[in-house]
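Thanks for asking me to look this one over. My comments follow as numbered points, so you can check each of them against the model.

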Amino acid sequence: MRELAIVDEQRGRGADARTGEPPASALWPHLLDAVAAGGYRLTLEAPGGGRAVLVSEAELQRLESAVRTAPTSPLTAREREVLGLVARGLNGVQVAEHLGVSTNTVAQHLLAARRKYGVRSSSAAVQAACAAGHLDEGCPPGC
């Protein structure tokens, strides 16, 4: 995005007597036109630190499209891998052997996955992940 620089052709008319600057309200139409034309964004910051960003409609659509196509799985890659192995019927010990990690590590990955889906069992986490489309393979039939 480019830096926004506004030049007011009517400088002096209605200008601040101390600085010669046009009143802030006179700049808004120019600011909004520049943002709407694209390539510019305008960031507003409140005294309390809150921020708002104005972007063109085209930029908003681009950002919304990027959000829609971004992966939405709450799981880490390892949690997906562990759930995938559980979905194929492996128990915790077998998953640990297959991945070359301790059973405690597998248990922690399963615990994290269960928490993310708000379920109490690993099989329920597998079902939830499959239903949400978060597992690439290993989903039982009917998911």
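1. Which side-chain oxygen reaches to within 3.1 Å of the backbone nitrogen of Val93 at the start of H4? Asn91 supplies that oxygen. Please keep in mind that this is a predicted model, here and in the points below.

2. Staying with helix H4, which spans 92–99, have a look at how its residues are divided. Val95, Ala96 and Leu99 are the buried residues of H4. They sit on the same side of the helix, because the arc they cover around the axis is only 100°. Glu97 and His98, on the other side of H4, are exposed. The cover over the buried residues of H4 includes H3 and H5.

3. Just past the end of H4 comes Gly100, and its phi is positive, near 70°. A similar note goes with helix H3: Gly89 follows H3 and has a positive phi, near 105°. You may like to look at both glycines when you go through the backbone.

4. Now to helix H3 itself, residues 77–87. Its buried residues are Glu79, Val82, Leu83, Gly84, Leu85, Val86 and Ala87. What do the buried residues of H3 pack against? Their partners are helix H4, helix H5 (103–117) and helix H6 (122–131).

5. Ser122, in helix H6, is worth a visit of its own. Is Ser122 buried or exposed? Its relative accessibility is 17%, and the cut-off for buried is under 20%, so Ser122 counts as buried. The side chain of Ser122 makes a polar contact of 3.2 Å with the side chain of Arg114. With neighbours within four places in sequence set aside, Ser122 is in contact with Leu83, Val86, Leu110 and Arg114. Of these, Leu83 and Val86 are among the buried residues of H3.

6. Finally, a surface feature. Trp28, Leu32 and Leu44 together make a nonpolar surface patch of about 250 Å². Leu44 belongs to strand S1, residues 42–45. How exposed is Leu44? Its relative accessible area is 33%, and patches take residues with over 30%, so Leu44 can belong to the patch while being partly exposed.

Terms used: Residues are numbered from 1 along each chain as its sequence is written. This is a predicted model: local features need pLDDT of at least 70, side-chain atom pairs count only at pLDDT 80 or more; totals for chains, interfaces and linings use all residues. Side-chain values use heavy atoms; hydrogens and water are left out. Patches are made of residues with over 30% relative accessible area and no salt bridge: like charges are joined within 9 Å, nonpolar side chains (Val, Leu, Ile, Met, Phe, Trp, Tyr) within 5 Å. Accessible areas come from the Shrake-Rupley method with a 1.4 Å probe; for residues, only the protein chains shown count as cover. A salt bridge is a side-chain nitrogen of Lys or Arg within 4 Å of a carboxyl oxygen of Asp or Glu. Helices (H or I, at least four residues) and strands (E, at least two) are DSSP runs, numbered from the N terminus. Buried means under 20% relative accessible area, exposed over 50%, partly exposed in between (1.4 Å probe, protein chains only). Contact means heavy atoms within 4.5 Å. A polar contact is a pair of N or O atoms within 3.5 Å; within protein, one must be able to donate a hydrogen and the other to accept it, and residues adjacent in sequence count only if both atoms are side-chain atoms. The arc is that of the directions from the helix axis to the C-beta atoms.
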